[in-house]
Structures are given as C-alpha cells and as structure tokens.
Amino acid sequence: MPPVRRRGQVVSTFLELDHVTKTFGSQGMFGSGDVTVAVDDVSLTIDEDEPSITTVAGESGSGKTTLSRLLLGSHVPSGGRMLYRGKDFTKLTRRERRNFRREIQPIFQDPFESYNPFYKVDHVLDAPIKNFKLTSSTREKHQMIEDALEMVGLVPEETLGRFPHQLSGGQRQRIMVARALLLKPRVILADEPVSMVDASLRATILDSIRRLNRDLGISVVYVTHDLTTAYQISDNIIIMYRGTVVEAGTVDEVIPNPQHPYTQLLIESIPQPDPKNRWGSEPPQQDWDTTDTQIAGCRFADRCPAVMDICRTKKPAQYLINKNQLTTCFLHEEKGEMENPDITSTFQIESETIKARPANQ
Amino acid sequence: MSTEQAIQTYRQDARITDVDALVVKNFSVYYETDTGTVKACDDVSFTLKQGERFALVGESGSGKTTLAMGLMRLTRPPGHIASGSVMLNGRDITTLSDDDMRKARLSDLALVPQGAMNSLNPVMRIEHQIVDGILDHLEEDEPAPTKEELQETVRDLLIRVGLRPGVARLFPHELSGGMKQRVAMAIGISLRPRLIIADEPTSALDVVVQRQIMQTLGRLQEGLDASIMLVGHDMGLVAQFADTIGVMYAGKLVEVGPVEEVFSDPKHPYTRLLIGSLPSLKEKREFLGIPGLPPQLIFLPKGCAFEDRCPSRFEKCAGSVPQKLNIGGRRDVACHLYEGEVKS
C-alpha cells in the first residue's frame, strides 16, 4: 500500500478503513433472519503525522461504539479491509499485532467498572508495564508511573497506594488516561469518557485529553453523543446514524452549519442551558421495527422532515458541501458525489489546525 | 417572541395554579453510621404549586436523591427522616401509617425512576408490570377489573407514553433504553398521581431520545394536571423543562427561584459557578470547572459548606452556617453575601 496522497501532501497512515462494513446476526441456516448493519461502508484514515482530535457522534445504536471497536481491532470487519501501517489487519504477525495493541489505547466510559475494587490503583498502572515489558527496573517503573500521573494533572503521592473507592470518579478516569499514556500510544480512543462523571469534573478530564493531543502529538478519537463537549475539544467530527456516516468534516463547519436533517435534529435537541430558548415540538420516534436490510434508501427517511421520494428507494452517496464538510443527503445531490470515499479527506490538516486553535494555556 | 415561545408562555401560565401542591418544611434525612451522623439532606424547605415543574439539581452526593426518596418515604436504614413535615395536597405524609403511605405512593405521588437502568423486572412481561401497581391499589370492597378492562388500560397507557400497544407483550430486554424509560413513565402515571417525582429520568439516554422523553413527560403532566419534581444534574435539561429550580449543595438547598431568573442572575456563588461551567455551542473557550471537591457530609465544617471553594468568601463564612433568606418574589438563597440586602 503506497502512502496516501491527500491535498498534495504525502502522509503515512497509521490505520485505514477501506469500505468497512460490520454486520451482526445472520440470515443463514440458524440465523433468525435479522441482520443489524452496525457500520455500513465506512472509509477513513487515521494519520500519525497529523495528530488531531476526531469526534464520532451519534445516538445509541448509531454504530459509534462498533466503529470504535473496529478501530481497536476487537471486531473483525464483515466486509471491506482494515489496514494497519499499510498492511491488511488479518495478515499481521504476532509481533505486529502486539505493536498495534500498544499503539492504540482505549479509555472506557465507566471509571468504576474498569477497576478491580480489591486492588490498589497502582495495579492498573503496573500491569501494562509488566505485560509489554517496558522496563525491568523498579526505579524506572516508578518514574514512568509518576510522570504519567503528573501529565494528567494528578499528584502521585495523593494517588498511588489508594483503593479505587477512595478516589473520585474524575480522578479514576484520569488514572485511566495515565495508564494509556504509559504505553506511549499513537492513538487514544476514548469511548464516552465523561458521560458518567459530574459536569464540574468533566472539564479536568477533557482538558487532560486535549493536552495529550497538543503536547504529546497523540491522535484522539472521541466517541460521544454530547456534541457540546465535542465542539469544545475536537477538530473534526463524524456524525453517524444507524450505521451510516451522515455528515463529516471540521467541527467549525459542521456544528454551526449542519447540513443533514439528522445532524440538525441532533444539534437542536441539545438541552441548551437557556430557559428563553426552549425546544420546539416533539420529534418523531425512530421505527425500530424495520430491520436495516429492509431499508432500501436513506436510513433516516422515516423520521426526516425533508423526506423526498428518492430517499425511500435509493441510498444517498457522499456529497461534498465544501472542502471541509460532506453529507450523505439527497438535498445536496447537486454538489456531486465525492471521488475519494475517505471521509477524513474533508478534515483539516495539521498546519491549519494549529493556527485555528487557541494558544496553549 | 416567536409563536412557539408565545404558546409555551401561555401554556406555562395556564398550567401553574396558585394552589400549594407540596409544602416541604425543615425536612431532614440523616444516616446514622459508626463514625457519626451523615446529614445527607438537612433542613430543606420549599413549596411546589399545583401544575409546577420543579427541578432539583446538584452534584452526585449533594443529597438530591436522598431528598426525593425521603419525600416518597422510601429511605432505607441506617437512613431515617430526622425532622420536618411534607404536606401533599393538605395531608402530612410524614405522619401517615405505613399502610396509608403504601396506598399514597403511585396514587398520590409517583416515582419515575431511571427506567433504562434496573427498575423493571427482567422476567415479567411489560403488561404485568403495569397492571401490578393498579391491582395492588384496589380498595378492598372494589371489584377487580376484568382482563379486558386491564388490557384496555395498559393499551391506553402505552399509547399515551408514545409506545405501540404491542409492547405490552414484550420483556424489558426487548426494549431500547428510551422505550424502557417510557414504560417506567406509564407505570408512574397509571393511577393519575398528583405529584410525579422523576429521578434522573434521562441520564443514560442520548439527546434526541432525552428530548422526546422530557416532552412526553411534560405532555402527560399537562393531561393529569399534576406537579413534577425533576431530580438531576443536567443544567441544560433543567433550563429546557422546569419552571422553578432548587440547587442543592452538601445536603442543603442553597438557592431556589424561577428558572429564568436564576439562569440570568444567579445569586449563590455555587450556582454562579455551576452555570458558568456549562460548555456552549456558540463559542469555543477554555473549560471552567469548579475547583476543589464537595465536603464529606459526615465532617461538615462549622460554617458554610461551600466556603473552601467559594471565590467570594469572607470572615463570616467560616464562622456560621448561612440561613435561607428571601430576596424578593419566590427567590431564596442561603448565603452570607445577601444578609445586608435583606435588612435594608
């Protein structure tokens, strides 16, 4: 696989999804006939030379967690290819697979369940060092752990030697960020890292994630349904609905000017902390009775306020709104189908990103 | 003002009456532990009008769920109601016998729990779970409704909460989180209660479903002419849904007032920081958290519990606990900063 050429620049790709589809259930001999298409024909790339924060957003059942599990290598694509450093994921050697496991690190949603309550928190920090044989010296190990904790804004003396129940949810989640950091990953995949934490503590966690990206150059994939925090910390965004990507681009294009009716509904439904600006009328519910394979056209057609005849019979392609925004909606058909199916081609490249960001604190 | 807003204001005015539906006075729930008394809910007083939507907000551990459970008299040992009265439609429910209280739950005041979590029985069909409460609340001399009547009731309830009638025959694991929450609401309204206590009804759901659930809850409330007490920590949701807001901190109600006034002019420094910490979709800025952690309820300081985190503290704050002050209209605040204003 030669390096991908994007906007005239040659960059090496860390991970590439090439028309990846993931289905659950089967229509075969023993299957019930219900097939859920959790991720439908998604192409994207994660570059390590251009570290950015990318949000994957959507409601429950949109496929955002399946997509993140695909990226982590814990799901195997049902269709399409996944490439790690240019090599087909299913053909990796043991050593390459091990390397992959170190280079992409997850942070999970629940800071309570990721700990064994009988072990001190040191355990989750010791384990990766031991498993990946990062060092054999005890002194070096302590140094690594302390550095990682300080990086996420925790004081090692106040954290180590304690049990999980002695720490707040925010502290526990930051230890998970520190654990990921120990392995010097290239990509951190955070699946709803703040949804179980109090609003007043969210800021510190998101801030430490943002610092990883800026200071250490780690790419972050932030999976969430909370568009407000997504807008605040990420550079790029992918909006998913029932397994399909409905809109993608930079947050500065997508959030202020959503083009897909689903993105518009999503943004409109965010409870704004402003009593003078309340929700409009109740939106229609999703019809879960039609299975994914029964839908011939756009998956959002049954709830869409702007539905047309074509939406029910034909699947929309990816249309480019401008260089930093794409949508899969027939309302924008006249813009023309994208040549490059890679949705990340609409994302900002790093040099632009840095300029657009506020200065480091 | 847009038409939508005008309709909303009109409906809001039509909904809230001047009748006191719930009057809570000096209500305290304490937990006795080996190390001392935990004052999880301490000396809380507030009034809810008939038809009003009251939102109780606070961080985890601030005592908001303790208060809600205390009002339902569902506090479990070592917790107990230490003092205070709760007048619901003119009847003090703290003095009711256990039997009468059991009858009052669901028919006078109903709890809508976090349905998406574990409040439904996994091995019972939805229809049986809805019918359960109805049958349990029959008077002794009342004839039991026929199977057809019950089916009709279940059907009607499911339609009212926005589910198709076929859901009656399903088990909880066959439903999505939003559908389970709707079932929890159907059970809650099955006996037309006068007060609905909704404890974080949408905390596990995503924004579009959350909006649908809250709007359904509002519609049901209007149909029943009931009052709602919403317990939660999402300030955005409160701003969208409630008429009145109560802010809890370390077991005390520190500020109460109409939602518009509290959001546009928060008085208590904690409320101010809480509103200031909300991320916005309009502008990108650095995150502002509230520095520090809430105190442990077992070792409360002598003075104000927020003193060590408060940006406007002065000498008096460490010395004595601020009392609730009325600062005009329906606005109460418990902060030493406003004592001078009230006297003058």
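Biologist: How many residues of chain B are in contact with chain A, and which helix of chain B gives the most to that side?

Modeller: In this predicted model, 37 residues of chain B are in contact with 35 residues of chain A. On the side of chain B that touches chain A, two or more residues come from each of helix H1 (3-15), helix H7 (207-224), helix H8 (235-241) and helix H9 (259-264) of chain B. That side divides into 16 nonpolar, 13 polar and eight charged residues. The helix that gives the most, with six residues, is H7(B).

Biologist: Is H10(A) roughly parallel or oblique to H7(B)?

Modeller: The axes of helix H10 (residues 261-269) of chain A and H7(B) come within 8 Å of each other, and they cross at roughly 60°. Since angles from 65 to 115 degrees count as roughly perpendicular and those under 35 as roughly parallel, this crossing makes H10(A), relative to H7(B), oblique.

Biologist: What is the handedness of the crossing of H10(A) and H7(B), and which residues of H7(B) make the contact?

Modeller: The crossing of these two helices is left-handed. The residues of the contact divide into four nonpolar, one polar and one charged. From H10(A) come A:Leu265, A:Leu266 and A:Ser269, and from H7(B) come B:Val207, B:Val208 and B:Arg211.

Biologist: How is H6(B) oriented relative to H7(B)?

Modeller: Helix H6 (residues 177-189) of chain B packs on H7(B) at an angle of about 15°, with the axes 10 Å apart, and H6(B) passes H7(B) in a right-handed crossing. The contact includes B:Met185 and B:Ile189 of H6(B) together with B:Leu217, B:Leu220 and B:Leu224 of H7(B), and its residues divide into seven nonpolar, four polar and one charged. With angles under 35 degrees counted as roughly parallel, the two helices are therefore roughly parallel.

Biologist: Which strands stand at the edges of the open sheet in chain B?

Modeller: Eight strands form this sheet, with mixed pairing, in the order S6-S7-S8-S3-S9-S10-S12-S11 (chain B). An edge strand has a single partner, so one side of it is left without a neighbour in the sheet, and in chain B this holds for strand S6 (109-112) and strand S11 (325-326).

Biologist: What covers the faces of S6(B), and which residue of S7(B) stands opposite B:Val112?

Modeller: Both faces of S6(B) are covered, since B:Leu109 and B:Leu111 on one side and B:Ala110 and B:Val112 on the other are all buried. S6(B) pairs with S7(B) in the parallel sense over four bridges. Opposite B:Val112 in S7(B) stands B:Ala198.

Biologist: Which residue of S10(B) is the bridge partner of B:Met248?

Modeller: Strand S9 (residues 244-249) and strand S10 (residues 252-258) of chain B run antiparallel and are joined by six bridges. In S10(B), the bridge partner of B:Met248 is B:Leu253.

Biologist: At what angle does H2(B) run to S7(B)?

Modeller: Helix H2 (residues 64-72) of chain B lies across several strands, among them strand S3 (53-57), strand S7 (195-199) and strand S8 (227-232) of chain B. Its angle to S7(B) is about 150°.

Biologist: Is B:Gly51 buried or exposed?

Modeller: B:Gly51 is found in the loop between strand S2 (36-49) and S3 of chain B. Leaving aside neighbours within four places in sequence, B:Gly51 is in contact with B:Arg15, B:Ile16, B:Thr17, B:Asp225 and B:Ser227. Because 22 other C-beta atoms lie within 10 Å, and 20 or more suffice, B:Gly51 is buried.

Definitions and conventions: Residues are numbered from 1 along each chain as its sequence is written. Chains are lettered from A and ligands numbered from 1 in the order in which they are written. This is a predicted model: local features need pLDDT of at least 70, side-chain atom pairs count only at pLDDT 80 or more; totals for chains, interfaces and linings use all residues. Two residues are in contact if their C-beta atoms, placed from the backbone, lie within 7 Å. Ala, Val, Leu, Ile, Met, Phe, Trp, Tyr, Cys and Pro count as nonpolar, Asp, Glu, Lys and Arg as charged, and the others, Gly among them, as polar. Two strands pair if DSSP finds at least two bridges between them. Axes are lines fitted to C-alpha atoms, for helices over the stretch in contact, and angles run from 0 to 180 degrees between N-to-C directions. A residue is buried if 20 or more other C-beta atoms lie within 10 Å of its own, exposed if 12 or fewer, and partly exposed in between; C-beta atoms are placed from the backbone. Angles under 35 degrees count as roughly parallel, over 145 as roughly antiparallel, 65 to 115 as roughly perpendicular and the rest as oblique. A crossing is left-handed if the near helix is turned anticlockwise from the far one by less than a right angle, and right-handed if clockwise.
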